Amino acid sequence: MTATQPEVAGPLHARAKQIRRKVLAMASGRGQGYVGQGLAIADVLAVLYFHEMRLRPDDPQWPDRDRFVLSTGHYSIALFAALAEAGVIAESELASYGDDGSRLEMSSMSTTPGVEVTGGSLGHGLGIAAGIALGGALSGRDYRVFNLLSDGELQEGSTWEAAMFAGDRRIARLTALVDVNRTQADGDLVLEVEPVTSKFESFGWWATDADGNDPDALVAALDAARAVGDRPTVVVCHTRLGFGVPLVMERERAHFVRVADDEWAVARRQLEELA
Ligand SMILES: Cc1ncc(C[n+]2csc(CCOP(=O)(O)OP(=O)(O)O)c2C)c(N)n1
Ligand SMILES: [Mg+2]
């Protein structure tokens, strides 16, 4: 924890639950959304925003802030929830998620405070993040760059071009978090991606696996990554779509979830029962 992090920081499990509450509230307002991803990635975002990254919530463009690059634009529901939880955007704005003219589009835009890149076209985030990290090093700034990408994006050639580049240039300020949920749109992975860690290691990265729905495991993994110092690092986060809400977890097709009006109350109750 550094002085520049939000004073409101508290136990990470509680932060993750708050992010999940916001995700359900945002999606229930529309009746649908990327609820499964939002619930699944809440622990990763809680650990990033309330343990790992240096931020000034009241100054989102602070030049020395750590950068969070969201490759998977469709996960932006969770990013907005985390930004509201961190105090970067107002909680009241969350209700506009997905509306015409809203700053909170279903796929995030870099014009929104706290959002570094425009997402949606998969496979670009790692390359952009590597460039931002190299740029920081060349300009003498000491910020770090965190890129969240998906197992679907591991099937894009551009991801591996970026991995090769970052490994070759030993871009130590870059940390990737790969969400391996073993889902790719409405089905299983088309191509097997494992073993992910040894693939990155062969490109010159430090790599580890972690339970992406266990904040303590994620803290341990990111603490270890921070100590590496001489090459890019990757934490392979194994998550479950809809984590915390069985009604969503049990859906056979949970990539884009439509929930009936009367089911939202069930979802909210199930989340409150989560330890
Ligand atoms: C370049 C590109 N191709 C296709 C799509 C359409 N698309 C949106 S989400 C998605 C699924 C990709 O898998 P993953 O990122 O693992 O998402 P998950 O199903 O786990 O949420 C696809 C193919 C896209 N957004 N960008
Ligand atoms: Mg996936």
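At what angle do helix H5 and helix H6 pack, and how far apart are their axes? The close-ups below take up this question and then visit other parts of the model, which is a predicted one.

**Close-up 1. Helices H5 and H6 pack against each other.** Here is the reply to the opening question: H5, covering residues 125–138, and H6, covering residues 157–168, pack at an angle of about 25°, and their axes are 7 Å apart. Because angles under 35 degrees count as roughly parallel, H5 is roughly parallel to H6. The crossing in which H5 passes H6 is left-handed. On the H5 side, the contact is made by Leu126, Gly127 and Ala130. On the H6 side, look for Ser158, Thr159, Glu161, Ala162, Ala163, Phe165 and Ala166. Sorted by class, the residues of this contact are 6 nonpolar, 3 polar and 1 charged.

**Close-up 2. Five strands form an open sheet.** To walk across the sheet, follow the order E2-E3-E4-E6-E5, in which the pairing is parallel. At the edges you will find E2 (67–70) and E5 (206–211), each of which pairs on one side only. From one strand to the next, the twist averages 20°. Now turn to one pair within the sheet: E4, residues 174–180, and E6, residues 233–238, pair in the parallel sense over 6 bridges. A handy landmark here is Leu177, whose bridge partner in E6 is Val235. Helix H8, made of residues 215–226, packs on the sheet and touches E4, E5 and E6. The direction of H8 makes about 170° with that of E5.

**Close-up 3. Helix H8 also meets helix H3.** The axes of H3 (residues 42–52) and H8 cross at roughly 55° and come within 9 Å. The two helices, H3 and H8, are therefore oblique to each other. H3 passes H8 in a right-handed crossing. From H3, the residues to pick out are Asp43, Val44, Ala46, Val47, His51 and Glu52, which meet Pro215, Leu218, Val219 and Leu222 in H8. This contact of H3 with H8 divides into 7 nonpolar, 1 polar and 2 charged residues.

**Close-up 4. Helices H1 and H4 cross at an oblique angle.** How are H1, residues 12–30, and H4, residues 76–86, arranged? They pack at an angle of about 125°, with 9 Å between their axes. That angle makes H1 and H4 oblique to each other, and their crossing is right-handed. H1 brings Arg15, Gln18, Ile19, Lys22, Val23, Met26 and Ala27 to the contact. H4 answers with Ile77, Ala78, Ala81, Ala82, Ala84 and Glu85. By class, 9 residues in the contact of H1 with H4 are nonpolar, 1 is polar and 3 are charged.

**Close-up 5. A shell of residues surrounds ligand 1.** How many residues surround ligand 1? There are 16, and the closest are Leu122, Ser150, Gly152, Thr183 and Gln184. Which classes make up this shell? The residues around ligand 1 divide into 2 nonpolar, 12 polar and 2 charged.

**Close-up 6. Two loops hold backbone details worth a look.** Most residues other than glycine have a negative phi, and most peptide bonds are trans. Against that background, start in the loop between H6 and E4, where Arg170 is found. The phi of Arg170 is near 50°, a positive value in a residue other than glycine. Then move to the loop between E4 and helix H7 (196–202), which holds Pro195. The peptide bond leading from Glu194 to Pro195 is cis, and its omega is near 0°.

Methods
Residues are numbered from 1 along each chain as its sequence is written. Chains are lettered from A and ligands numbered from 1 in the order in which they are written. This is a predicted model: local features need pLDDT of at least 70, side-chain atom pairs count only at pLDDT 80 or more; totals for chains, interfaces and linings use all residues. A residue is near a molecule or strand if its C-beta atom, placed from the backbone, lies within 6 Å of it. Ala, Val, Leu, Ile, Met, Phe, Trp, Tyr, Cys and Pro count as nonpolar, Asp, Glu, Lys and Arg as charged, and the others, Gly among them, as polar. Two strands pair if DSSP finds at least two bridges between them. Helices (H or I, at least four residues) and strands (E, at least two) are DSSP runs, numbered from the N terminus. Axes are lines fitted to C-alpha atoms, for helices over the stretch in contact, and angles run from 0 to 180 degrees between N-to-C directions. Two residues are in contact if their C-beta atoms, placed from the backbone, lie within 7 Å. Angles under 35 degrees count as roughly parallel, over 145 as roughly antiparallel, 65 to 115 as roughly perpendicular and the rest as oblique. A crossing is left-handed if the near helix is turned anticlockwise from the far one by less than a right angle, and right-handed if clockwise.
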